[in-house]
Amino acid sequence: MVTGHLAVAYAARGRWRSAALPWLLVAAYVPDLVQVGLGNIAGCASCDAASHTLPAVAVIALVTGVVAGLLTRSRVTGLLACLLVFAHLPADLLTGDKPYWQGGPRLGL
């Protein structure tokens, strides 16, 4: 799981050299960071719905992209950070099982 998300971030950086690598690495893990953070704060056993469903990832991706773009003053970094948050979901299909919509089945290997 860890290696796959890193690989996606490094692949994006390899294609777009002007992007800020630290932001790409963080963006590749943001849904997992949200899940762990909510688990620690809210105490829920499984915070998948708030971190890995399509609507949640859309909000997380938008916020991550805007923050990365503003702080680095780079549209490329902002756009790639947003896209890497979305790329987290297909990577999780290979490494785990998550619900991709509220009340939906858990998908993944």
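What percentage of the 109 residues in the chain is buried? Buried residues make up 39% of the chain. The model is a predicted one, and what follows walks through it from the overall layout to single residues.

The chain has five helices and two strands. Read from the N terminus, the order is α-α-α-α-α-β-β. The helices therefore precede the strands in this order. Of the contacts with a separation of 6 or more, 54% join residues 24 or more positions apart. The accessible surface of the chain is about 6200 Å². Carbon and sulfur atoms account for 70% of that surface.

Start with the core. The largest nonpolar core holds 18 residues. Within this core, Ala9, Ala12, Leu24, Ala27, Leu80, Leu84 and Val85 touch the most other members. Four elements give two or more residues to the core: helix H1 (2–15), helix H2 (21–42), H4 and helix H5 (75–95). H5 supplies the largest share, six residues. Ala9 shows how some of these positions meet. Beyond its neighbours up to four places away in sequence, Ala9 touches Leu24, Leu25, Ala28 and Leu84.

Now follow H4. This helix covers residues 54–72, 19 residues in total. From the first C-alpha to the last, H4 reaches 26 Å. That is close to the 27 Å expected at 1.5 Å a residue. Which residues of H4 are buried? They are Ala56, Val57, Ile60, Ala61, Thr64, Gly65, Ala68 and Gly69. The spacing of such a list can be read against helix geometry. An α-helix has 3.6 residues a turn, so residues three or four places apart point the same way.

Thr64 deserves a closer look. Thr64 sits in helix H4. Why does Thr64 count as buried? Its relative accessible area is 10%, and the cut-off for buried is under 20%. Setting aside neighbours within four places in sequence, Thr64 is in contact with Ala27, Val30, Ala81 and Val85. Two of these partners, Ala27 and Val85, also appear among the core residues that touch the most other members.

Next, look at Ala50. Ala50 belongs to helix H3 (residues 48–51). Is Ala50 buried or partly exposed? Ala50 is partly exposed, because its relative accessible area is 39%. Not counting residues up to four places away in sequence, Ala50 touches Val34, Leu38, Ala56 and Ile60. Ala56 and Ile60 are among the buried residues of H4. Leu38 lies twelve residues from Ala50 along the chain. The C-alpha atoms of Ala50 and Leu38 are 8.2 Å apart.

Move on to Thr72. Thr72 lies in helix H4. With 26% relative accessibility, Thr72 counts as partly exposed. Its contacts, leaving out residues up to four places away in sequence, are Ala20, Trp23 and Thr77. How far apart in space are Thr72 and Trp23, C-alpha to C-alpha? They are 8.8 Å apart, though 49 residues separate them in sequence.

Just after H4 comes Arg73. Arg73 lies in the loop between H4 and H5. Its phi is near 55 degrees, a positive value in a residue other than glycine. Most residues other than glycine have a negative phi. Arg73 is also exposed, because its relative accessible area is 81%.

Finish at the loop between H1 and H2, where Trp16 lies. Trp16 is partly exposed, with a relative accessible area of 39%. Leaving out residues up to four places away in sequence, Trp16 touches Val76 and Leu80. Trp16 and Val76 are 60 residues apart along the chain. Their C-alpha atoms are separated by 7.8 Å. Leu80 is one of the core residues that touch the most other members.

What lies over the face of Trp16? Arg15 does, at 5.0 Å from the ring centre. Aromatic pairs are another matter. With ring centres required to lie within 6.5 Å, the count comes to zero aromatic pairs.

Conventions: Residues numbered from 1 in each chain as written. Predicted model: local features only at pLDDT ≥ 70, side-chain atom pairs only at ≥ 80, totals over all residues. Heavy atoms only, no water. Expected span 1.5 Å × (residues − 1). Buried < 20%, exposed > 50% of the residue type's maximum accessible area, 1.4 Å probe, protein only. Phe/Tyr/Trp six-rings, centres within 6.5 Å; stacked < 30°, edge-to-face > 60°. Lys NZ or Arg CZ within 6 Å of the ring centre and 35° of its normal. Contact = heavy atoms within 4.5 Å. Core = buried A, V, L, I, M, F, W, Y, C linked by side-chain atoms within 4.5 Å. Areas by Shrake-Rupley, 256 points an atom, 1.4 Å probe, with all protein chains shown as cover.
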